[in-house]
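Colleague: Can you walk me through this model? I'd like the short version, one topic at a time.

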Amino acid sequence: MKQLLWIGILIIAAGFEAAGANRKVTITFVPQENKPEWVTAAEEYNVIWTAEADHVIDGLERVSHLHFPEDKVKAEIYEGASFSGGGNRPMLLRASYPMEIKKATLVHELGHRMNAQLRKRPADLDEHRLFPVPIRRVDGFVRAGVCRS
Ligand SMILES: [Zn+2]
């Protein structure tokens, strides 16, 4: 009987492992206005996400020991401070960043969405302190008004 229990646990664990490995997070990048530079920026964010989605989500989950809480995210591209959004609010991403800053900002804002599921945290905690160091490096942009989260 004990053997059957362990076999059952292993099968269930393997099922979760397989489900986690195949899970996708889809982000739809939409320019807020039909400005050519915003349309191009939305395409660039999409190129980044197509290449990096699994790597980014896996990294966020591994480092935080949390499960990314969403399967679909809407991101609007405009010219302003980036914002993680959440609930019914879309993520907002600046159009004019170079590609590497677009990637860093996207990961940063996804980090905010990941942290949104934490229910217990000190009221005076700067959420950016919860981010792993590579994501926290974007904090200089927070002070510069890049991230308004
Ligand atoms: Zn931030």
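Modeller: This is a predicted model. Start with strand S2, which is mostly covered: 5 of its 7 residues are buried.

Colleague: Where does S2 sit in the sheet?

Modeller: The strand order is S1-S2-S3 in an open sheet of 3 strands, and the pairing is parallel. S1 (26-31) and S3 (91-94) stand at the edges. Each has a single partner strand, so one side of each has no neighbour in the sheet. On average, neighbouring strands are turned by 30° against each other, direction ignored.

Colleague: How many bridges join S1 to S2?

Modeller: S1 and S2 run parallel and are joined by 6 bridges. Thr26 has Lys72 as its bridge partner in S2. Pro31 stands opposite Ile77 in S2.

Colleague: And how many bridges between S2 and S3?

Modeller: S2, residues 72-78, pairs with S3 over 4 bridges, again in the parallel sense. Ala75 stands opposite Met91 of S3.

Colleague: What packs on the sheet?

Modeller: Helix H2, residues 36-64, packs there and touches S1, S2 and S3. The direction of H2 makes about 170° with that of S1.

Colleague: Which hand does the crossover from S1 to S2 have, left or right?

Modeller: Left-handed. The chain goes from S1 through H2 to S2 in a β-α-β crossover.

Colleague: Is S3 covered on one face or both?

Modeller: Both faces of S3 are covered. Met91 and Leu93 are on one side, Leu92 and Arg94 on the other, and all are buried.

Colleague: New topic, the core. Which residues have the most contacts inside the largest nonpolar one?

Modeller: Tyr45, Ala75, Ile77 and Leu93. That core has 22 residues. S1, H2, S2, S3 and H3 each give two or more residues to this core. H2 provides the largest share, 7 residues.

Colleague: Any general reason to expect a core like that?

Modeller: Nonpolar side chains tend to be buried together in soluble globular proteins.

Colleague: Back to Ala75. What does Ala75 touch?

Modeller: Leave out residues up to four places away in sequence, and Ala75 touches Ile27, Thr28, Phe29, Tyr45, Pro90, Met91 and Leu93. Two of the names there, Tyr45 and Leu93, also appear with Ala75 among the core residues with the most contacts.

Colleague: Let's go to H3. What is its span?

Modeller: H3 covers residues 99-115, so 17 residues by the DSSP run. From first C-alpha to last, H3 reaches 24 Å, close to the 24 Å expected at 1.5 Å a residue.

Colleague: Which residues of H3 are buried?

Modeller: Lys102, Thr105, Leu106, Val107, His108, Glu109, Leu110, Gly111, His112 and Met114.

Colleague: Why does His112 count as buried?

Modeller: His112 lies in helix H3. It has 21 C-beta neighbours inside 10 Å, and the cut-off for buried is 20 or more, so His112 counts as buried.

Colleague: What lies 16 residues from His112 in sequence?

Modeller: His128. The two are 8.1 Å apart in space, C-alpha to C-alpha.

Colleague: There's another histidine, His65. Where is it?

Modeller: His65 is in the loop between H2 and S2. Its phi is near 60°, a positive value in a residue other than glycine.

Colleague: Is His65 buried or exposed?

Modeller: Exposed. His65 has 6 other C-beta atoms within 10 Å, and 12 or fewer makes a residue exposed.

Colleague: What about Gly87, buried or exposed?

Modeller: Gly87 is exposed as well, with 6 other C-beta atoms within 10 Å. Gly87 lies in the loop between S2 and S3. The C-alpha atoms of Gly87 and Glu70 are separated by 10.0 Å, and the two are 17 residues apart along the chain.

Colleague: Zoom out. How many helices and strands are there?

Modeller: The protein has 5 helices and 3 strands. From the N terminus on, the elements run α-β-α-β-β-α-α-α.

Colleague: What fraction of the residues is buried?

Modeller: Of the 149 residues, 26% count as buried.

Colleague: Last one. What share of the contacts is long-range in sequence?

Modeller: Take contacts with a separation of 6 or more. Residues 24 or more positions apart account for 60% of those.

Conventions
Residues numbered from 1 in each chain as written. Predicted model: local features only at pLDDT ≥ 70, side-chain atom pairs only at ≥ 80, totals over all residues. Expected span 1.5 Å × (residues − 1). Pairing = 2+ DSSP bridges. Axes fitted to C-alpha atoms, helices over the stretch in contact; angles between N-to-C directions. Contact = placed C-beta atoms within 7 Å. Core = buried A, V, L, I, M, F, W, Y, C linked by C-beta atoms within 7 Å. Right-handed = clockwise from strand over helix to strand, strands pointing away.
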